[in-house]
There are 2 protein chains.
Amino acid sequence: MSLIVQKYGGTSVGTVERIEAVAAKVAAARARGDQVVVVVSAMSGETNRLIALAHEITPTPSPREMDVLVSTGEQVTIALLSIALQKIGCPARSYTGGQVRILTDNVHSKARIQEIDGGRVRADLEAGRVVVVAGFQGTDEDGNITTLGRGGSDTTAVAMAAALEADECQIFTDVDGVYTTDPRVEPKARKLDRITFEEMLEMASLGSKVLQIRSVEFAGKYNVPLRVLSSFEEGEGTLITFEDEDMEKAKVSGIAFSRDEAKLTILGVPDQPGVAYSILGPVSGANIEVDMIIQNIAEDATTDFTFTVHRNDYPQALKILQETAEVLGAREVIGDDSIVKISIVGVGMRSHAGIAATMFEALAEEGINIRMISTSEIKISVVVDEKYLELGVRALHDAFELDRPPEQAA
Amino acid sequence: MSLIVQKYGGTSVGTVERIEAVAAKVAAARARGDQVVVVVSAMSGETNRLIALAHEITPTPSPREMDVLVSTGEQVTIALLSIALQKIGCPARSYTGGQVRILTDNVHSKARIQEIDGGRVRADLEAGRVVVVAGFQGTDEDGNITTLGRGGSDTTAVAMAAALEADECQIFTDVDGVYTTDPRVEPKARKLDRITFEEMLEMASLGSKVLQIRSVEFAGKYNVPLRVLSSFEEGEGTLITFEDEDMEKAKVSGIAFSRDEAKLTILGVPDQPGVAYSILGPVSGANIEVDMIIQNIAEDATTDFTFTVHRNDYPQALKILQETAEVLGAREVIGDDSIVKISIVGVGMRSHAGIAATMFEALAEEGINIRMISTSEIKISVVVDEKYLELGVRALHDAFELDRPPEQAA
């Protein structure tokens, strides 16, 4: 007998019919002998309907009251799913976040889970019941309702799985798993049977939005095996797990990309200690997140310093950097907001030389000019002109033979 | 500085615009220097929408899960009203029933309040905040969400007022107060400035559905002055309070009536101990509520026994009574479901003779035949043929000069 936590998102519970379909899936898992905890989101559209009601009153409602308001969305779903389960003879009981109890900090609308009391849930499971938990919500120490932010139901599911020491946390979505890259860009993209947490984190942070990044971090931290699978189709999905023998065979697991990039360069800054801080301090002070940072070796006692930001932050970052240039007596500030980032990700590249060479060669063969390069232990990222995105992704997918299962790959 | 509990029903908070109008009323009370607790219902239509969702799944959803489901209705309103109050500069904080905490028994969908912890609410009031409480809901000892049944928000308001020792509990409705009788039947009906709890109970139980009867009982029991007034019009409404000097002047305060009556008579039953139980036992065993019961003196060692029931229960009650007649060897069972009950209500009649005579005279003058009579300390009820309802109500309204304020009445 295994203990499974299943999570169904808003689209999967978007209508009463779909809720009944979810009930059938859950009951089937229980019939196989598993103990099941189900975490659900609000019915799709419901959260937006509630937010619109508040915005009819004011564009700036208090975060505390917004949490009271939107948390009703998941509460409706847990009741309806429990009713649907009971109808087909499957004992079930619903819990709000506060009832579980899921204790969070008091940062309304983006609270973080601090502790979960699994006692009541465990007692229900022992009594043979399915436990249906409202995702996305908790209460702080004073009993105020909090929410984890949009997509937070994934985090609830992983946290429940960790607290209950579940055997697996299954995230049901509208895709059937994690792919080697976005199939809309490369039709030959292949579903992965397995991926490591580290790879998944790199993929997610680079724009493959299958899972909320915090839930993946959480799962990794608490050793919760995580599986992504489809609400609508049968299949094993993709298991996100720890590195194992088998996975070593694949040097590169997937290709991630991000369209929302912009880069800025400050030219001819004095090459002296503290200059990096002088440049980036004002940027991060304006709450602008900086991604890649590159500083090349200095010539003539001056150096060039380049970094990338989200495209939305480009105009503000440019203005800040121009002010900094004046202060530092730099030569010039240049920027470009029509760039993209393409990354190859794989735990296998740790132990294999030549991956970077293969990557650069494949891009060169297509005449794609590389504007920036940045590497981490399991990732190599390049910045290229926007127009090369699709071509670059397909060239790399081919070069690393990602359309073939790892056993067959070179 | 007074402490006021205000309650607004579903129609009063039916749209965002109406919620903003309620916010203005609440803020005005606070601006007058009062501490204000507001109890609200779900937006009109919302509870039915939620019930319909559950009924799409099954006609017999579990009461526990129905309470989880429908309690979200009030939770939405408390958040929106708090947001609307904050928008106009009035500090406010919302509380669900569980957050207050309103402790109830565990009878889902018709729970009774057992205890209210006023601590958190009092702290907010002291800090200058308006407190917005979800009506109709609480939690049981195990933290399960319960509801008080439809209309239960009135009960929540009165219970909050009792727990906080409020100076007044104001129930805002779509009528501007309690009338001497239904103005749709007697256009000369007059709004009462005051009425006693006992009178209000008799009026409510006889079909004047301004307030939920349990909330009036509760207010009487805990000495909470209760005021009924309009959400939509200005005015002082009607104060429901304890008997005082002033009120003695009115012998009859109002005329209540009920259209949903049916009467049954069993003729020629043996006049012996236990016969009343033999007749009524099977009726109440079938969960049929019996209202008036009349047994006249016996002649020839047999007696006749008459009682009234709700018109919906008439066919079943008739069937049961026919079976009983056979067992007891009674002569005959007769019944009539085209009757109505008209009652005059007033604490003043305790100390005044001749009220009944005036009543019977007024009806006789209109040629209305009285079929049954029943009296209590502050009420005289008669059963008459359905067709005489309007005529009877108007005749009695005239006879007791209810269109004139009490000081001027004879």
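The exercises below, each with a worked solution, deal with a predicted model.

**Exercise 1.** Describe the side of chain A that touches chain B, saying which elements give residues to this side and which classes of residue are found there.

*Solution.* Begin with the extent of the contact: 27 residues of chain A are in contact with 27 residues of chain B. Next, look for the elements of chain A that give two or more residues to this side, and you will find helix H1 (16–31), helix H2 (46–57) and helix H3 (63–87). Among these, H3(A) gives the most, with 14 residues. Finally, sort the residues on this side of chain A by class, which yields 14 nonpolar, 9 polar and 4 charged residues.

**Exercise 2.** Work out the order of the strands in the open sheet of chain B, and name its edge strands.

*Solution.* Following the pairing from strand to strand in chain B, we obtain an open sheet of 8 strands in the order E3-E6-E2-E1-E9-E11-E12-E10, with mixed pairing. The edge strands are the ones that pair on one side only, and in chain B these are strand E3 (92–95) and strand E10 (194–196). From one strand to the next, the twist averages 20°. It helps to recall here that the strands of a sheet pair through backbone hydrogen bonds, in either a parallel or an antiparallel manner. One pair inside the sheet can then be examined: strand E9 (residues 168–173) and strand E11 (residues 226–230) of chain B run parallel and are joined by 5 bridges. Within this pair, Thr173(B) has Ser230(B) of E11(B) as its bridge partner. As a last step, consider helix H5 (residues 119–126) of chain B, which lies across E2, E3 and E6 of that chain and runs at about 150° to E6(B).

**Exercise 3.** Find the residues with the most contacts inside the largest nonpolar core, and list the contacts of Leu81(A) beyond its neighbours within four places in sequence.

*Solution.* The largest nonpolar core has 114 residues, and those with the most contacts inside it are Val38(A), Leu81(A), Val133(A) and Met160(A). H3(A) gives the most to this core, with 8 residues. Once the neighbours within four places in sequence are set aside, Leu81(A) is in contact with Val13(A), Ile19(A), Val22(A), Ala23(A), Val38(A), Val40(A) and Val132(A). Apart from this core lies another, of 113 residues, which includes Val37(B), Tyr95(B), Val252(B) and Phe307(B).

**Exercise 4.** State how chain A is divided into domains, and how far apart their C-alpha centres lie.

*Solution.* Chain A is divided into domain 1 (3–173) and domain 2 (255–401). The C-alpha centres of these two domains of chain A lie 40 Å apart.

Note on methods
Residues numbered from 1 in each chain as written. Chains lettered and ligands numbered in written order. Predicted model: local features only at pLDDT ≥ 70, side-chain atom pairs only at ≥ 80, totals over all residues. Contact = placed C-beta atoms within 7 Å. Helix = DSSP H or I, 4+ residues; strand = E, 2+ residues; numbered from the N terminus. Nonpolar A, V, L, I, M, F, W, Y, C, P; charged D, E, K, R; others polar. Pairing = 2+ DSSP bridges. Axes fitted to C-alpha atoms, helices over the stretch in contact; angles between N-to-C directions. Domains from an automatic or database assignment. Core = buried A, V, L, I, M, F, W, Y, C linked by C-beta atoms within 7 Å. Buried ≥ 20, exposed ≤ 12 C-beta atoms within 10 Å, placed from the backbone.
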